[in-house]
Amino acid sequence: MMREAMRIESKFASRRKGYLAQSHPALYAELEKTGQLNQHLDEIGRQARQMMERIFEEKKPEIEALKDAEEREIKETQAWLMAEEIALHEVVLTL
């Protein structure tokens with residue numbers, strides 16, 4: 001699970017880096033110049049992953065209540081994708 005958490009955080013951090021570089025180049029340059037960029041990206045990745053996990057955990061009882069294994073798997077995938085999308089917009093693509 002630790003490896004998956006790191007992959008998720010890295011994905012969000014990478015998206016944040018691209019967002020800052022494209023949409024907020026002055027902030028990106030300042031963070032880079034002051035040596036705070038990697039710390040900022042790590043923090044954003046951590047926050048986004050935690051939000052994603054919280055959102056998924058909220059959906060978990062609903063998913064586990066389903067009788068059909070295939071339906072549970074589909075709902076689980078949908079919940080992860082929804083959680084990822086919300087974390088992306090709430091944490092990664094905001095200032």
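**Why these labels?**

Trainee: Why is F56 called buried or exposed?
Mentor: F56 has a relative accessible area of 6%. Buried means under 20%, exposed over 50%, partly exposed in between, with a 1.4 Å probe and protein chains only. So F56 is buried. This is a predicted model: local features need pLDDT of at least 70, side-chain atom pairs count only at pLDDT 80 or more, and totals for chains, interfaces and linings use all residues. Residues are numbered from 1 along each chain as its sequence is written, and side-chain values use heavy atoms, without hydrogens and water.

Trainee: What makes W80 buried, partly exposed or exposed?
Mentor: W80 has a relative accessible area of 26%. That value falls in between the two cut-offs, so W80 is partly exposed.

Trainee: How many aromatic pairs does a search of the whole structure find?
Mentor: One. F56 and W80 form this pair, with 4.3 Å centre to centre and 15° between the planes. F56 sits in helix 3 and W80 in helix 4, 24 residues apart.

Trainee: What makes the F56 and W80 pair stacked?
Mentor: Rings of Phe, Tyr and Trp (its six-membered ring) pair if their centres lie within 6.5 Å; planes under 30 degrees apart count as stacked, over 60 as edge-to-face and the rest as tilted. The 4.3 Å and 15° meet both limits, so the pair is stacked.

Trainee: Why does D68 count as partly exposed?
Mentor: D68 has 40% relative accessibility, so D68 counts as partly exposed. D68 lies in the loop between helix 3 (37–64) and helix 4.

Methods: Helices (H or I, at least four residues) and strands (E, at least two) are DSSP runs, numbered from the N terminus.
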